[in-house]
Amino acid sequence: MPLAKSNSSKPPVKCSHVGFLLQPNFTMLALSSAIEPMRMANQLSGQTLYRWTILSEDGRSVTASDGLKIEIDSCINNHVDFDTVLVCGGVDIKSTITRKTLSWLTHLSRCNIVLGGICTGSYLLAKAGLLDGYQCTIHWELLASWQEEFPFLKSSNQLFTYDRDRITCSGGTAPMDMMLHVIAKEYGKELTTAISDMFTHENIRDENDQQRIPLQHIVGATQSKLQDVVGLMEANIEEVLCLDELANYVDLSRRQLERLFQKYLDCSPHRYYLQLRLTRARQLLKQTSMSIIEIAIACGFVSTPHFSKCYRNSFNIPPRDERNVISANMQSAASNESSLGSVTINHH
């Protein structure tokens, strides 16, 4: 379903060349989620906006964590002109590191090539010292040990980060959101909206969205009372419980509960509860037609101004502006769909 009927009137565009360096036991879903938006961008635009090359250190095929073997286009020794190189990691990433690969990545950084990592691939960039001074992220399963090993990094649990010439991303389907973000920066949101429609990917997440880290992974299986309190918070978003009620529910004092949250979640119970409610509010804002005042009430806020202030402090945008952006994107998608008219749908 190209966005225009003819290629003849289109000015030529620069084709971005992306290299994917596969590490042994890389995650297939993360790789596919990164490649498919580029393929669809080419299909819908009717132009070759992106091309990609699959790499391994020695040029031999690489086996993914699901057992599928992927043929390789090139080894890292062959000179290829890349605009971006993404390291694709997966299971047991630390055992896949070699000095040769780290040296090659360092060489690329000197050539002003954009570098990134998806799933656990960011670990190689950190190991090579290529994330120093950059905002960065990695799959939540490796986040704790990553923060222990690289405490000086500006790491976060965001789905992805795009900081100057570094792109880092968690795993699963998050690379799709990351690539849609990249495509939007280069070619506009009309194209990314059309891509997400083709993939029935209704909610494009952005840099402000966080990875949902299983609580048991964060606090450990022994902290059942802390897990119970968080479960109680999640079940009471609209009718907010006070701290004393939460503490009494698990037979702890208010002070004991505050210490548990500070020790295992690095924040106060109030802050954690507030973030849960704001996250729910953001979902409602993006996925429903509820008014802002209805969303504020549904998420336990006593007034719309208070809700707006908390939302802006957390997501760097007022809820009304966020809703306007969503509405503009929907109108753009509707306009694009109607402008297609009788254009033939091309399925590649």
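What percentage of the 348 residues of the chain count as buried? The share is 47%, where buried means under 20% relative accessible area, exposed over 50% and partly exposed in between, with a 1.4 Å probe and protein chains only.

## Basis of the model

The model is predicted: local features need pLDDT of at least 70, side-chain atom pairs count only at pLDDT 80 or more, and totals for chains, interfaces and linings use all residues. Residues are numbered from 1 along each chain as its sequence is written, and side-chain values use heavy atoms, with hydrogens and water left out.

## Overall composition

The chain has 14 helices and 11 strands; these are DSSP runs numbered from the N terminus, helices being H or I with at least four residues and strands E with at least two. Its accessible surface comes to about 17,400 Å², and carbon and sulfur atoms account for 49% of that area. Accessible areas come from the Shrake-Rupley method with a 1.4 Å probe, and for residues only the protein chains shown count as cover.

Among contacts between residues at least 6 apart in sequence, 67% join residues at least 24 apart. Contact here means heavy atoms within 4.5 Å.

## The open sheet

Seven strands form an open sheet of mixed pairing, in the order S5-S2-S1-S6-S7-S11-S10. The edge strands are S5 (74-75) and S10, each of which pairs on one side only. Two strands are taken to pair if DSSP finds at least two bridges between them. In general, strands of a sheet pair through backbone hydrogen bonds, either parallel or antiparallel.

At the S5 edge, two bridges join S5 to strand S2 (residues 50-56), and the two run parallel. Ser56 has Cys75 of S5 as its bridge partner. Helix H1 (residues 28-45) packs on the sheet and touches S1 (16-22), S2, S6 (84-88) and S7 (114-118). The direction of H1 makes about 155° with that of S2; axes are lines fitted to C-alpha atoms, for helices over the stretch in contact, and angles run from 0 to 180 degrees between N-to-C directions.

## The S10-S11 edge and Thr161

At the other edge, four bridges join S10 to strand S11 (residues 166-169), and these strands run antiparallel. Their hairpin has two residues between the strands, and Arg164 takes a positive phi near 55° there.

Thr161 lies in S10 (residues 160-163) and is buried, with a relative accessible area of 1%. Its bridge partner in S11 is Thr168, and the side chains of Thr161 and Thr168 are also joined by a polar contact of 2.6 Å. A polar contact is a pair of N or O atoms within 3.5 Å; within protein, one must be able to donate a hydrogen and the other to accept it, and residues adjacent in sequence count only if both atoms are side-chain atoms. The side chain of Thr161 further reaches the backbone oxygen of Gln135 at 3.3 Å.

## Cysteines

With a disulfide defined as a pair of cysteine sulfur atoms within 2.5 Å, the count is zero. Cys169 is in no disulfide, and its nearest cysteine sulfur, that of Cys119, is 8.8 Å away. Cys169 is buried at a relative accessible area of 0%, and Cys136 is buried at 0%.

## Helices H6 and H8

The buried residues of H6 (residues 189-198) are Leu191, Thr192, Thr193, Ala194, Ile195 and Ser196. Thr200 follows H6 and has a positive phi, near 45°.

Leu232 is found in H8 (residues 224-235) and counts as buried at 16% relative accessibility. Neighbours within four places in sequence aside, Leu232 is in contact with Leu241, Leu246 and Tyr249. The C-alpha atoms of Leu232 and Tyr249, 17 residues apart along the chain, are separated by 8.9 Å.
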